[in-house]
Amino acid sequence: MSAYEITDHQYDVVVVGAGGAGLRATLGMAAGGLKTACITKVFPTRSHTVAAQGGIGAALNNMGEGDNWKFHMYDTVKGSDWLGDQDAIEYMCRNAIPSVTELENYGVPFSRTEEGKIYQRPFGGHTLDHGKSMARRACAAADRTGHAILHTLYQQCLKYQAHFHIEYFVLDLLMTDEGECAGVLALCMEDGSLHRFWGQQTVLATGGYGRVYFSCTSAHTCTGDGNAMALRAGLPLQDMEFVQFHPTGVYGAGVLITEGARGEGGYLTNSEGERFMERFAPTAKDLASRDVVSRAMTIEINEGRGVGPNKDHIMLHLEHIDSATLHTRLPGITETAKIFCGVDVTREAIPVLPTVHYNMGGIPTNYHGEVLAPTKDDENEVVPGLMAIGEAACVSVHGANRLGTNSLLDIVVFGRAAAHRATEIVTPDATSKRAPLHATDKVIARFDRMRNANGSKSAASIRLEMQHAMQRHAAVFRSSESLERGVGTMDEIAGKMGHIGVADKSLIWNTDLIEALELENLMGQALVSIRSAAQRQESRGAHAHEDWPERDDENWMKHTVMWLDEQNKSKLDYRRVGMTTLSNDIAPIPPAPRVY
């Protein structure tokens, strides 16, 4: 291992990832007086939060409808199909209000009402008075809300002099023999040097793993690196079978058309020109939750009512909306439709298809952001020194299906919560624990093996096989047969990682090597996702099982927890769903049929 020189860095806290969650945590920690490193594989404002369009959910009641956080909590629990933990959901919905107010004070340029308050639009699954009417709860900056939040948070981090290490690829966690996280080992992509970052807390804010699928709204960088690091550190992932399909990805390109388009009055039609959502969700119609709309669209296509020569997509109509409204409220969508399908939204409909959009599963945590490693004696045991936040984490506030706007909310609320926790438990300038040398050696051995891999298969060809297999066998609708075949196919594809070849052996800006390492990260998550899906014998939220079409609260109201070892063998366990609330201000919400 002596061939690689290593530079050591000492910080109070080390944040991995510079999306909304990572930046909100970095900001809170740096402002709280902690020496904070933020390590990111892309420039912070290129993180995937920049792509979030429609809004951030908070019951500010700016539109004067009598909205409050309890209605928001009810919608989130119902949206999660009762797999969300109600203590964490209460924490998120209550803290949504101060969190969004803070963003406004930091300078996020929200759209405004005539009185100058933050503009709020309707969004799928968000209702007033437990489903009686649609709520206007999505705080929006036109249709570029994530972009506005990300840039503002980065500016604030610079103000508090957080230390950024940009275009560094984190290889793995450095764990002590006692199971405590002491830091990470990272590759500086610019010059090929290796760096060890030591800290009292390490925060994984590495986003989702949408790229295990062929058609997704995620950037190519969304490879769930933190989840893979957790698996390799002997920690489990939770609820990985729940993958959200967004109803309106641009047909053929997968690029997102925000739910805000339907919030502003857009609607879907089939080949007969019928507004079919009225049949599937009589109250919420086109603003039912995402899994409901995605399944309805898929049913229409499967039953022969799809649009186009191949009858394989659905139309989204915005042309009836006033062009001034489209220009001010949906400028990005107007541009996206023009670029990706040559459509002028003021005159014609946009062809759309459900596309993978969000991962409900991830690293199990509590609502402070602390990572959990469930044991037989304690299913809530905390891993010392390690946190996870944002899409990389499973708190679980989203359960089996996330409501629109709750992802931007999740990253801000739990980034903030992790910062609060870190300022309580981290001693500024104290010496942190160090992992033994063999922990570093193990990471470098894996890195060196990949760098010098001489097999006959490229990372791109194996990745494509994996993505097609996941798209085919673990899609909007699943069956025992498709999942069983999918598990076998994925095992076969994972076996091909031993035949991978990396053509470029250099260390400086080696994209061939980085893509191979990212593929290795994706592969573990794909295996855990499809194996977790194969064992859940019910339909719940985004997991629609044709052989088990009903939700089964008696047997399956529990979180799936799965470990994966170096031989790709998995171990399965379960955790209870948190059915108690955080305070006496609201009673637990009992399970009920989920209809819109």
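# Sheets, helix pairs and a partly exposed serine

Five bridges join β1 to strand β10 (residues 194–198), and the two strands run parallel. That pairing belongs to a predicted model, and it makes a handy way into the structure above. The tour below takes in two open sheets, two helix pairs, a mostly covered helix and one residue in a strand.

**The mixed sheet**

- β1 and β10 sit in an open sheet of four strands, ordered β1-β10-β9-β8, with mixed pairing.
- The edges of this sheet are β1 (6–10) and β8; each has a single partner strand, so one side of each is left without a neighbour in the sheet.
- From one strand to the next, the twist averages 25°.
- For a landmark in the parallel pair, look for T7, which stands opposite H195 in β10.
- Helix α15 packs on this sheet and touches β8 and β9 (181–188), its direction making about 45° with that of β8.

**The antiparallel sheet**

- A further open sheet has four strands in the order β13-β16-β15-β14, and here the pairing is antiparallel.
- β13 (243–250) and β14 (267–269) take the edge positions; since each has a single partner strand, one side of each is left without a neighbour in the sheet.
- The twist in this sheet averages 45° from one strand to the next.
- β14 pairs with strand β15 (residues 314–317) in the antiparallel sense over three bridges, and L268 stands opposite L316 in β15.
- Helix α10 (residues 331–341) packs on the sheet, where it touches β13 and β16 (350–359); the direction of α10 makes about 110° with that of β16.
- At the β13 edge, six bridges join β13 to β16, and these strands run antiparallel.
- Within that pair, H246 stands opposite T355 in β16.
- Although β13 is an edge strand, it is mostly covered, with eight of its eight residues buried.

**Helix pair α2 and α3**

- The axes of helix α2 (residues 69–79) and helix α3 (residues 86–106) come within 9 Å and cross at roughly 140°.
- That angle makes α2 oblique to α3, because the roughly antiparallel class takes angles over 145 degrees.
- The crossing in which α2 passes α3 is right-handed.
- On the α2 side the meeting residues are W69, H72, M73, T76 and V77, while α3 brings Q86, I89, E90, M92, C93, R94 and I97.
- By class, the residues of this contact of α2 with α3 are seven nonpolar, three polar and two charged.

**Helix pair α13 and α14**

- Helix α13 (residues 459–473) and helix α14 (residues 480–495) have axes that come within 9 Å and cross at roughly 170°.
- α13 and α14 are therefore roughly antiparallel to each other.
- From α13, the contact uses I462, E465, M466, A469, M470 and H473; from α14, it uses S482, L483, R485, G486, T489, M490 and I493.
- The contact of α13 with α14 divides into seven nonpolar, four polar and two charged residues.

**The mostly covered helix α5**

- Helix α5 (residues 225–232) is mostly covered, since seven of its eight residues are buried.
- Those buried residues are D225, G226, N227, A228, M229, A230 and L231.
- The buried residues of α5 pack against a mix of strands and a helix: β8 (168–175), β11 (201–204), β12 (237–238), β17 (363–364), α15 (511–535) and β23 (558–564).
- Two of these partners, β8 and α15, will be familiar from the mixed sheet, where α15 touches β8.
- G234 follows α5 and has a positive phi, near 85°.

**S570 in its surroundings**

- S570 lies in strand β24 (residues 570–576).
- With a relative accessible area of 34%, S570 is partly exposed, because that value falls between the 20% limit for buried and the 50% limit for exposed.
- Setting aside neighbours within four places in sequence, S570 is in contact with R531, M562, W563 and L564.
- One of these partners, R531, is 39 residues away from S570 in sequence, with the two 8.5 Å apart in space, C-alpha to C-alpha.

Notes. Residues numbered from 1 in each chain as written. Predicted model: local features only at pLDDT ≥ 70, side-chain atom pairs only at ≥ 80, totals over all residues. Heavy atoms only, no water. Axes fitted to C-alpha atoms, helices over the stretch in contact; angles between N-to-C directions. Parallel < 35°, antiparallel > 145°, perpendicular 65-115°, else oblique. Left-handed = near helix turned anticlockwise from the far one by under 90°. Contact = heavy atoms within 4.5 Å. Nonpolar A, V, L, I, M, F, W, Y, C, P; charged D, E, K, R; others polar. Pairing = 2+ DSSP bridges. Buried < 20%, exposed > 50% of the residue type's maximum accessible area, 1.4 Å probe, protein only.
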